Amino acid sequence: MVVCSRCSRRKAVMEQRYSALSLCKNCFLELFEKRVKKANRDFGLLRRGDRIAVAVSGGKDSAAMLYSLNGLSKKIGEIELMPVLVDEGIVGYRNLAMEKAGELCELLDLSLEVRSFKKEWGLSLDEMIKKRNEKELKEGACTYCGVFRKWVLNKAARELEANKVAIGHNADDFAQTFLMNLMRNEPERLKRFGPLSGIEEQELFVRRIKPLIYCLEKECALYAELKGIPYYVGECPYSGEAFRGIVKNFLNEAENKYPGVKYNILSSFLSIKKELSAGNKSESSEKRKPLICEKCGHHSSSKICKACEFLEDLA
Ligand code: SF4
Ligand code: ZN
Ligand code: ZN
């Protein structure tokens, strides 16, 4: 029997190759929650009085996030969590995942707010992709999905009068996004991407927090598993279209051979981000002021927001 390297008492249930530790269930769960607390401390994510729209999908990451935030927000006090699920309309996937999200909310005694692409624009993602194929447009399903989901989530958060939106991006997601930005030569995007984005005074775009930044994807799954949290295991039928999938496989392979690679990339990202932020402090508030989309009246970085641009293409 392999014994836990922390408490030296209980049987280890997992091996952390990057830290050369074997951990028992209790020590692992404690460590996971400590990482969420550390993210909160390092980036000032949660505050008393917050009303947080928590983006849930039914998957392991958002399930682990909602569960751990539920515990942490009770400890901090005076924080309201409002789980929001955006149903993109992916038959055989999101409908099944939604059931799990409903079960988790019931378990935590939270009410689940469901929004959908179909209700918003009369088209599900499946229907949009059909149109995309007919029109021979080039965007990947995940590009549409990401832009529309962000739009719906922000709208829901504003309507719920949330001051923050919590997103279940884990350490793997951060490492992937950082590498993808480098590969696409889009360093500018890094300025807007991080564990805490948006600005407090900005009413149109609700601030986004990412409390799982220090938690690896497979550790989120293990946390959900060991806590008995309901989550959906299946894969989205469009995931094969994503560039992210290639980067994800590459990183998994690299981590396998050189344990610690993902955290090293995350650390590099945070150091670069710090430098960029320091440079940004000199920018005037006018420069940071976002535009308002002429079509939908939502937050935008150009005259017409990306969601409206895509809807026009698909019409
Ligand atoms: Fe959306 Fe792509 Fe994720 Fe599927 S894999 S839910 S299409 S972002
Ligand atoms: Zn232990
Ligand atoms: Zn718009």
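Good morning, colleagues. I begin with Asn-185, which is exposed, with a relative accessible area of 63%. This residue sits in the loop that runs between helix 7 (171–183) and helix 8 (189–192). Its phi is near 55°, a positive value in a residue other than glycine. I should say at once that the model before you is predicted.

Glu-161 has a positive phi as well, near 55°, and it too is a residue other than glycine. Its place is the loop between helix 6 and strand 6 (164–166). Is Glu-161 buried or exposed? At 62% relative accessibility, Glu-161 counts as exposed, because the threshold for that class is over 50%. A glycine with positive phi is Gly-228, where the angle is near 70°; Gly-228 follows helix 9. Helix 9 itself covers residues 217–227, and its buried residues are Glu-217, Glu-219, Cys-220, Ala-221, Tyr-223 and Ala-224. As general background, an α-helix has 3.6 residues a turn, so residues three or four places apart point the same way.

Let me turn to the metal sites. The zinc ion that is ligand 2 is held by the SG atoms of Cys-4, Cys-7, Cys-24 and Cys-27, at 2.3 Å. Along the sequence these donor residues show the spacing C-x2-C-x16-C-x2-C. What is the arrangement of the donor atoms around this zinc ion? The 4 donor atoms subtend angles of 102 to 118°, and the arrangement is therefore tetrahedral. For reference, the ideal angle for four tetrahedral donors is 109.5 degrees. Of the residues at this site, Cys-4 and Cys-7 are both buried.

The zinc ion that is ligand 3 has as its protein donors the SG atoms of Cys-293, Cys-296, Cys-305 and Cys-308, which lie 2.2 to 2.3 Å from the ion. The site is tetrahedral, with angles of 106 to 114° among its 4 donor atoms. The spacing along the chain here is C-x2-C-x8-C-x2-C. Which parts of the chain does the pair Cys-293 and Cys-305 tie together? Cys-293 belongs to the loop between strand 9 (291–292) and strand 10 (299–300), while Cys-305 belongs to the loop between strand 10 and helix 13 (306–314), so the pair ties together parts that are 12 residues apart in sequence. Cys-293 is buried, with a relative accessible area of 3%, and Cys-305 is buried as well, at 4%.

Next, ligand 1. The residues around it are Ile-90, Arg-94, Leu-125, Cys-142, Cys-145, Arg-149, Cys-236, Tyr-238 and Ser-239. By character, this shell divides into 6 nonpolar, 1 polar and 2 charged residues. Which helix gives the most to the shell? Helix 6, residues 141–159, does so, with 3 residues.

I close with the interior. The largest nonpolar core has 61 residues, and those with the most contacts inside it are Phe-32, Leu-46, Ile-52, Val-54, Leu-66 and Leu-266. Apart from that core lies another, of 34 residues, including Val-86, Ile-90, Phe-117 and Cys-145. Ile-90 and Cys-145 have already been named among the residues around ligand 1. Returning to Leu-66, what does it touch, leaving out residues up to four places away in sequence? Its partners are Val-54, Val-56, Leu-81, Pro-83, Leu-104, Cys-105, Leu-108 and Leu-110. Thank you for your attention.

Notes. Residues are numbered from 1 along each chain as its sequence is written. Chains are lettered from A and ligands numbered from 1 in the order in which they are written. This is a predicted model: local features need pLDDT of at least 70, side-chain atom pairs count only at pLDDT 80 or more; totals for chains, interfaces and linings use all residues. Side-chain values use heavy atoms; hydrogens and water are left out. Donors are N, O and S atoms within 2.8 Å of the metal (3.2 Å for Na, K and Ca); water is not among the atoms, so sites may look incomplete. Four donors count as tetrahedral if all angles lie between 85 and 135 degrees; four count as square planar and six as octahedral if opposite donors are over 155 degrees apart and all others between 65 and 115; anything else is irregular. Buried means under 20% relative accessible area, exposed over 50%, partly exposed in between (1.4 Å probe, protein chains only). A residue is near a molecule or strand if one of its heavy atoms lies within 4 Å of it. Helices (H or I, at least four residues) and strands (E, at least two) are DSSP runs, numbered from the N terminus. Ala, Val, Leu, Ile, Met, Phe, Trp, Tyr, Cys and Pro count as nonpolar, Asp, Glu, Lys and Arg as charged, and the others, Gly among them, as polar. A nonpolar core is a set of buried Ala, Val, Leu, Ile, Met, Phe, Trp, Tyr and Cys residues joined through side-chain atoms within 4.5 Å. Contact means heavy atoms within 4.5 Å.
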